Amino acid sequence: MSFSLRKYLKFRYLALLFLATSVVVTVGVGLYALYLDGKVRDQFEGRRFALPARVYARPLELFVGVPLSAEEFAKELQRLGYQQPLRSSEPGYYLRHDNEFEVVTRPFVFWDGAQPSLTLHLSFGAAGLEALTNSADGTPVTLTRLDPEYIGGIYPAHNEDRVLVKLDEVPADLVNGLIAVEDRKFYTHAGVDPRGIVRALVSTLSGGPRQGGSTLTQQLVKNFFLTPERTLKRKFNEALMALLLDYHYEKNEILETYINEIYLGQDKNRAIHGFGLAAQFYFGKPLKELSLAQSAMLVGIVKGPKVYDPHKHPERTKERRNLALSLMRDQKFITEEQFLKAKIEPLGVIAKTAMGTTRYPAFFDLVRKQLLRDYQEADLRSEGLQIFTTLDPRTQAAAENALVTRLTQDKSVAKDGALLEGAVVVTDSQNGEIQAMVGGRDPSYPGFNRALDSRRSIGSLMKPAVYLAALSEPSRYTLITPMDDSPLTWREPGRPAWSPKNYDKANHGEVALRTALANSYNIPTARIGLDLGVEKVVATASSLLGTEEPIPPYASSVLGAVPLSPLEVTQMYQTIASGGFRVPLRAIREVLTADGIPLQRYPLSVEQVADAESIYLLTTAMQGVVREGTAKGLVKYVPAEINVAGKTGTTDDSRDAWFAGFTGDRVAVVWVGYDDNRPTRFTGGSGAMPIWGQLMAQLNPEPLEPPLPDNVEKIWIDAATGSRGDLACPEAVELPFIKGSAPTEVSPCVAEVMPVESLFPGL
């Protein structure tokens, strides 16, 4: 075979091989493109943004007479991100002059309908809000609400958070800025910019610095469908999918999706996605209200939200913003005058404490737990539900401050570094709404929630259940029934002998029932429990709790060898505070869909579990605990006229210190102890009660004045004899009795004739 023929055949072979390879590659690329086309269309058309459930605190209701000071109202505005000075009718701004406020509220969709923005004039006095008028026409406003504080969300994977916006809600300046800075040929290219791709490929292949060159469409593809890895394979997929996306969908549809998808910052473990949320996160206002300079700043940080974080790197961010403004000017989107004016504006980002998924993790735990009774986890993470809770930010702040301040003051660090911990729960005394919950000495730490999950022996907090069981039998027990406080040993088959001791290690002879409770004597309490039967005491406690988990019917249970969480203890005392009506504690008021449609209501569920008469007597005895018993030191924090009813609790070796009590409007429970159950140096009165007192001192509590039941009468008693007395008796005290149970004997002091001098000291 000649050389020329061999050369021809070899050329022909190579040509056929090239042709075959080209066909295979073309078919392969075509099939791969078809695969990607189906993937792009299915995911882009079928995918909805996974919207987190957005959770709100209670909205502050405003009406004439609401017990709120001017300073408290100012703090509420600051928590909500309202700014000064007032800007005509722009929502979210206010002006203050002493006790007078001019406020432009934000519009908000509540569970009972939409509330528009209002311009209000408010005047505060010593007793609270004295005047509330509409500034537009001067007419009185009967009732209105501020928008509620956003307290967190239940997020999809990677804790992505966003607020969806339509393209027509986006300022033209922001759209123009994106075009000018990120993709000036957006409306003319086919999804990719060939020159940009070539530039990026050459730089990558030559070992040079990584370069972008991506269009807005490519950026969307990367965020929407791909991983952030920088490889040739991913870049190829990105370009091909961008071409397909641009082929199938309108430019404005792509742009709107990009505006809602792009990553724009980090708030602890919460990822800020989309310009709608970024406007609120950085400026505290809706996207459509942004100025030119603010729009340019958001556009500027697209390149690197971490590098251009305005909170951490304000000067660097300002330079980037001004570059965006100059590019907008160069491309004729803004005038020279607009450029110069916007360039000198401050960044204007709001000073905001990092929140992450929530700044109230303990309360949030309870919200999630209660929501999961009615909703699937997946729905909470993706359907954009709006959850309105019972959290009162003012009460929460007071609870956090009281707990943290006290634990810090007590230098509560053990020699081995262990930290004294605590928990606080506060509820509305009538409806069971949980106003505050603190799960530890670091209230923002989303770790172990002691308020909800730590079950510790409650000690003397069990005693009100014992005395309630006794007082429900008025033929046997009244507040003045004499109780034996001599040593006691109890034996029951199969168990070791039980010999309870008083905390002070002393015995006090014969004491009145109310005195035994006031001073938290263990022996008289044990005698009552054993006399009534442990089963009855346990049943009474269970009815107050509403728990399905049985309390062990042991003699020691009478004195609080019962493990409960602070939340469970709060339920127990809530039932007492509400007059014997058990109202299950709740953290949720309403649930709406993402479109504002009411989904589920959480109405009150009320069950009477104790009669009003015995509850009234018990409340009186618990007021005696504060007035003259183990909690008398509370007067340092809360005025005596508030008539607080409460109970201290201390377990063996002071491992747990408790205080539970209620005023006319709130129930609160405080626990202090070590997580490893080691002894502390505190009692309920020295460790937990001061925290309770500091908490209430910040809240201006209402006096506790329960109504007198029809079947209860008040009788003057001579405490020295336990007989009927009057004001002539030196130890006279007025006490309630269920009718027919008061003593009939009259004390000798009643018969004594009082000297005239004692009646008229001036004579």
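**A walk through the predicted model**

In strand E29, Arg-724 is the bridge partner of Ile-717. This pair is a convenient place to enter the structure, which is a predicted model. Strand E28, which spans residues 712–718, is joined to E29 by 2 bridges, and the two strands run antiparallel. They belong to an open sheet of 3 strands, arranged in the order E29-E28-E30 with antiparallel pairing. Because strand E29 (723–724) and strand E30 (732–738) each have a single partner strand, they stand at the edges, and one side of each is left without a neighbour in the sheet. Helix H21, covering residues 612–628, packs on this sheet and touches both E28 and E30, with a direction that makes about 155° with that of E30.

As general background, the strands of a sheet pair through backbone hydrogen bonds, and they may do so in a parallel or an antiparallel sense. The antiparallel sense returns in strand E15 (residues 421–428), which pairs in this way with strand E27 (residues 666–673) over 8 bridges, and also with strand E16 (residues 434–438) over 4 bridges. On the E27 side, Val-426 stands opposite Ala-668, while on the E16 side Thr-427 stands opposite Ile-434. E15 and E16 form a hairpin with 5 residues between them, and within the turn Gly-432 has a positive phi of about 75°.

How many of the 8 residues of strand E15 are buried? The count is 8 of the 8, so the strand is largely enclosed by the rest of the structure. The side chains can be followed in two sets: Glu-421, Ala-423, Val-425 and Thr-427 point one way from E15, whereas Gly-422, Val-424, Val-426 and Asp-428 point the other way, and the residues of both sets are all buried.

A second hairpin is found earlier in the sequence, where strand E3 (residues 93–97) and strand E4 (residues 100–104) pair in the antiparallel sense over 5 bridges. Here Tyr-94 has Val-103 of E4 as its bridge partner. The hairpin made by E3 and E4 has 2 residues between the strands, and Asp-98, which is in the turn, has a positive phi of about 55°.

Three individual residues add detail to this picture. Glu-590 has its place in strand E22, which covers residues 588–592. With a relative accessible area of 7%, Glu-590 counts as buried, because the term applies to values under 20%. Once residues up to four places away in sequence are set aside, Glu-590 touches Trp-111, Gln-386, Ile-387, Phe-388, Gln-600 and Arg-601.

Phe-581, found in strand E21 (residues 581–582), is by contrast partly exposed, with a relative accessible area of 32%. Together with Leu-604 and Val-606, Phe-581 makes a nonpolar surface patch of about 260 Å².

The third residue is Gly-685, which lies in helix H22, a helix that covers residues 684–697. Gly-685 and Gly-633 are 52 residues apart in sequence, and their C-alpha atoms are 7.7 Å apart in space. Leaving aside neighbours within four places in sequence, the residues in contact with Gly-685 are Thr-630, Thr-648 and Pro-690.

Key:
Residues are numbered from 1 along each chain as its sequence is written. This is a predicted model: local features need pLDDT of at least 70, side-chain atom pairs count only at pLDDT 80 or more; totals for chains, interfaces and linings use all residues. Side-chain values use heavy atoms; hydrogens and water are left out. Two strands pair if DSSP finds at least two bridges between them. Patches are made of residues with over 30% relative accessible area and no salt bridge: like charges are joined within 9 Å, nonpolar side chains (Val, Leu, Ile, Met, Phe, Trp, Tyr) within 5 Å. Accessible areas come from the Shrake-Rupley method with a 1.4 Å probe; for residues, only the protein chains shown count as cover. A salt bridge is a side-chain nitrogen of Lys or Arg within 4 Å of a carboxyl oxygen of Asp or Glu. Buried means under 20% relative accessible area, exposed over 50%, partly exposed in between (1.4 Å probe, protein chains only). Contact means heavy atoms within 4.5 Å. Axes are lines fitted to C-alpha atoms, for helices over the stretch in contact, and angles run from 0 to 180 degrees between N-to-C directions.
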